[in-house]
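Trainee: I would like a close look at how one helix is packed against its neighbours, and then at the parts around that packing. Could you go through it in one connected answer?

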Amino acid sequence: MKKFWNRIAGTALLPALSFLLAFVISGLFIALSDAKVLKEASHPLKFMTTALSTVGNAYLALFQGSIFDPNLAHGHTVWQGFYPLSETIVTATPLILTGLAVALAFQSGLFNIGAQGQFIFGAIGASYVGFHFHFSPVLHVFLALGAAIALSALYGGFVGLLKARTGAHEVIVTIMLNYIAGFFILWILKTTTFLRPRRIDPIAPEVNPSAQLPHLAGANFRLHAGILIALLAAYFVWWLLNRTTIGFQFRAVGANAAAAKTAGISVSRVTIATMALCGALAGLGGGVHVLGSEHALTADIGGSFGFDAITVALLGRAKPTGTVLAALLFGALRTGGRTMQSNTTTPLDIVLVIQALIVLFIAAPTLVRFIFRVKNLKTKDAMTAKGWNG
Amino acid sequence: MSLELKGITKSFGALVANDGIDLSVNRGEIHAILGENGAGKSTLMNIVYGLLQPDSGEIRVDGKVVTIHEPSDALAVGIGMVHQHFMLIPVFTVLENIVLGHESTSKIGKLKLSEAREKLLALAADFGFEIDPDAYIENLPVGVQQRVEILKALIYDAKVLILDEPTAVLTPQETDELIEVMKRLRSQGTSIIFISHKLREVKAVSDRITVIRRGKVVASADPSSSQEELASLMVGRPVNLMPDKKRPNPGAPILEVKDLVVLDPSGRPLVSDVSFTVHAGEVLAIAGVQGNGQSELAEAVVNLQAHIRGSIELGGVQLIGKSVHDSLHEGIAYVPESRELDGLIGSFSIAENLILDTHREAPYAKGITLSPKAVATRAEVQVKEFDIRAQSIQDPVTSLSGGNKQKVVLARELSRPVKLLVASQPTRGLDVGSIEFVHERILAERDAGRAVLLFSTELDEVTALADRIAVMYAGKILAIVDATVSREELGLLMAGVKK
């Protein structure tokens with residue numbers, strides 16, 4: 001039992017301390033960028049109190065906007081106060097899946113920058129099956145998600161194939177394919193197949209109700225079954241990596257490709273399979289996003305889910321559980337940030353500062369160790385070290 | 001200058017790496033420190049060079065106590081060190097590496113190399129080194145890179161030079177040249193601390209020998225002691241350097257290689273037109289100086305090389321065109337040249353490393369799921385059979401010593417049904433005890449009727465194990481000779497001279 005806690009402390013301590021540090025430093029930014037605070041610069045005491053209350057209000061708004069808002073909960077509808085939490089989870093759901101797509105690639109020693117493009121192709125596949133066909137409810141969801149997975153697995157697997165056959169570096173290829181996906185969706189939304197009748201702006205028809213993911217907490221909340229799919233996917237990735245021969249090969253190639261090859265593991269097959277699976281995960285994210293919260297394909301459906309995924313996977317140390325937690329954190333910061341912006345004078349951009357600082361500290365464990373004077377901070381399996389020559 | 005160590009003690013947690021070590025080195029003396037891997041030689045030298053701080057004890061230079069907190073302190077009192085793994089920047093020139101850390105610049109910050117160049121050339125001339133100051137390190141052979149390291153120490157007035165396992169990376173010729181260099185340095189008054197576990201070299205060059213075992217000085221030996229005596233002091237028990245070899249009993253041909261050509265990606269031949277046969281119950285050793293195509297030949301046998309032509313038949317089955325996995329499972333045990341790079345996955349546990357090849361087979365796999373229990377059971381058995389010294393089979397394989405790492409590789413490779421053992425430099429960097437184990441195991445495989453293809457650059461190893469010896473030079477097999485051939489003749493063949 002003690003060993004178990006030591007392990008938890010070993011892996012969670014660095015992210016937790018980085019988190020704390022990021023909030024403290026961002027607090028300084030919030031205070032020092034606030035006009036009200038700066039006006040009191042000549043009165044040290046007043047300056048301090050105004051600064052503290054500004055920062056306090058900003059973080060309170062961040063909390064209210066992401067977890068629980070007492071203003072929404074009155075009388076017998078306390079329940080309703082959790083509306084922000086539902087929003088957080090809805091935002092985090094696609095991020096979990098794209099984050100897994102990056103994390104799994106890290107485990108095989110690959111750097112998947114292409115979650116963005118894979119996400120878009122998944123969204124296109126799910127959208128088309130969703131609006132074009134009519135099936136019975138459950139079946140329709142499965143078919144639409146199946147289309148998302150199949151299309152994006154091909155899209156991702158293509159990268160693996162290129163790398164295995166020609167040695168083309170996956171970082172370059174996936175970056176380029178992100179552009180292709182971005183322009184492809186612009187084009188496809190102009191075709192008669194995809195453009196919604198009587199519309200000129202790029203939007204596809206709404207997916208049929210039978211293909212929409214069911215709500216989990218009633219119609220007042222946007223929370224949908226996508227989170228269950230994402231958690232299932234995270235469990236699947238953990239199981240694959242730790243309990244199967246395929247995952248064993250993935251990890252072996254990721255840790256030492258030369259030794260894996262010498263022992264008879266086919267590195268090219270692992271590369272192709274990994275990229276196809278990563279594509280499938282990101283694509284599933286796109287599908288879940290369309291069927292669960294957006295219900296219609298638009299040109300900017302991808303948002304920055306694929307790019308934030310890289311940060312999420314790094315923050316989650318390329319482990320499934322870590323990725324889920326990191327995605328939830330990012331979801332909370334994003335939804336909470338909007339409330340913070342509208343309720344206080346603190347701009348949404350401060351959320352980016354917080355995110356950036358967390359990642360910065362995670363990447364610089366020596367700094368965190370120095371600041372908090374802790375020894376034995378676990379830094380060994382940081383996945384960032386591999387990079388270009390990997 | 002003389003160097004004296006008194007009661008040096010250093011522990012890491014519960015492990016006492018150095019336990020009250022006394023040692024003295026006189027001016028112009030080559031003092032060998034002999035000990036197995038993990039005996040505490042490197043710890044001691046890192047203390048002298050300031051990379052580690054001792055828990056207690058003192059260091060005296062010319063009778064005066066000095067404190068050495070970091071390498072620059074060591075250099076200041078005249079102690080220089082050449083590490084086993086060179087500390088050179090491959091894309092810099094020789095001269096740039098020499099001035100590194102001591103750059104002098106003009107007023108506007110331009111590097112001034114002319115002074116250093118003159119000094120370097122003068123020093124090189126003094127010792128009779130031929131060295132091009134403008135050559136890039138990455139283009140130089142290992143032996144020359146080592147000379148750059150030595151010059152780097154000397155140019156900053158090192159009077160005591162620590163050479164940490166300097167011959168581990170050298171070919172026999174380069175080793176001979178290094179020994180000459182060491183003798184020349186001695187005659188000019190430089191003291192040398194020579195760390196090694198290679199007995200022949202230690203005997204050839206040292207004036208005094210101190211043997212360290214488990215962190216303690218166990219003996220001072222004379223260079224005239226026999227190799228067996230030195231080895232026994234090192235290991236702490238009688239050692240048999242020449243394994244007992246039964247008469248060979250060769251059977252049917254197992255591996256038949258015909259007209260094999262291995263090309264590099266640009267089409268240049270690395271191995272050209274090589275043909276040989278290995279029979280059951282026989283050890284064929286491929287000898288040669290490092291870099292004459294042996295590595296590529298070894299890899300080609302298990303299809304790790306991409307561009308090969310010719311024929312490789314194992315028990316009548318053509319291997320060319322098969323995958324690595326299929327080649328291995330035709331019945332080859334393959335011990336790669338580099339344990340760390342190609343043999344093992346450092347971050348994986350011992351148990352996981354033991355199933356790298358067979359993880360898809362029962363009982364370790366059921367369908368696509370792995371059975372951790374079956375993997376662990378098998379690992380426990382093999383750890384016992386191969387005497388792998390580990391705290392737990394779940395420990396990462398990097399936590400093991402070199403000898404135990406090699407045992408993990410052997411345990412994995414020899415547990416498949418095997419007709420042929422291909423072992424490439426199987427004892428490189430191992431200590432005496434582990435070498436003994438590996439040699440006995442190789443001969444046991446031979447006596448059990450398997451064919452053994454041994455690649456080794458160590459002449460001692462080749463003559464101890466082989467029944468026949470093929471010498472490779474410039475990608476070709478120059479001759480296949482009987483194991484009774486003289487050392488001199490082998491040396492000539494390795495240098496490319498064919499009578």
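Mentor: What follows starts with helix H4 of chain A and then moves outward to the contact between the chains and to chain B.

This is a predicted model, in which local features need pLDDT of at least 70 and side-chain atom pairs count only at pLDDT 80 or more, while totals for chains, interfaces and linings use all residues. Residues are numbered from 1 along each chain as its sequence is written, and chains are lettered from A and ligands numbered from 1 in the order in which they are written.

Two packed helices are described by the angle between their axes and the distance between the axes. Here axes are lines fitted to C-alpha atoms, for helices over the stretch in contact, with angles from 0 to 180 degrees between N-to-C directions; helices (H or I, at least four residues) and strands (E, at least two) are DSSP runs numbered from the N terminus.

Helix H4 (residues 83-107) of chain A packs with helix H11 (residues 267-294) of chain A at an angle of about 175 degrees, the axes being 8 Å apart. H4(A) and H11(A) are therefore roughly antiparallel to each other, given that angles under 35 degrees count as roughly parallel, over 145 as roughly antiparallel, 65 to 115 as roughly perpendicular and the rest as oblique. On the H4(A) side the contact (C-beta atoms, placed from the backbone, within 7 Å) includes Val90(A), Pro94(A), Leu97(A) and Leu104(A), and on the H11(A) side the residues include Leu277(A), Leu281(A), Gly285(A) and His289(A). By class, this contact has 13 nonpolar, seven polar and no charged residues, where Ala, Val, Leu, Ile, Met, Phe, Trp, Tyr, Cys and Pro count as nonpolar, Asp, Glu, Lys and Arg as charged, and the others, Gly among them, as polar.

H4(A) also meets helix H5 (residues 115-132) of chain A, the two axes coming within 10 Å and crossing at roughly 130 degrees, and H4(A) and H5(A) are therefore oblique to each other. The crossing is right-handed, a crossing being left-handed if the near helix is turned anticlockwise from the far one by less than a right angle, and right-handed if clockwise. Thr98(A), Ala101(A) and Val102(A) of H4(A) are in contact with Ala115(A), Gln118(A) and Phe119(A) of H5(A), and these residues divide into four nonpolar, two polar and no charged. Thr98(A) and Ala101(A) take part in the contact with H5(A) and are also among the H4(A) residues that contact H11(A).

Elsewhere in chain A, Arg317(A) lies in the loop between helix H12 (305-315) and helix H13 (320-343). Its phi is near 55 degrees, a positive value in a residue other than glycine, and Arg317(A) is buried, with 23 other C-beta atoms within 10 Å; a residue is buried if 20 or more other C-beta atoms, placed from the backbone, lie within 10 Å of its own, exposed if 12 or fewer, and partly exposed in between.

The contact between the chains takes 16 residues from chain A and 23 residues from chain B. On the chain A side, helix H9 (245-255) and helix H10 (257-262) each supply at least two residues, and the residues of that side divide into eight nonpolar, six polar and two charged.

Chain B has 17 helices and 24 strands, and of its 499 residues 44% count as buried. Helix H9 (residues 294-301) of chain B has eight of its eight residues buried, so it is largely enclosed by the rest of the structure; among them are Gln294(B), Glu296(B) and Glu299(B). H9(B) is followed by Asn303(B), whose phi is positive, near 65 degrees.

Asp273(B), in strand E14 (residues 269-279) of chain B, also has a positive phi, of about 50 degrees, although it is not a glycine, and with 14 C-beta neighbours inside 10 Å it counts as partly exposed. Finally, a cis peptide bond with omega of about 0 degrees joins Ala362(B) and Pro363(B), and Pro363(B) lies in the loop between helix H12 (350-354) and strand E19 (365-366) of chain B.

Conventions:
Contact = placed C-beta atoms within 7 Å.
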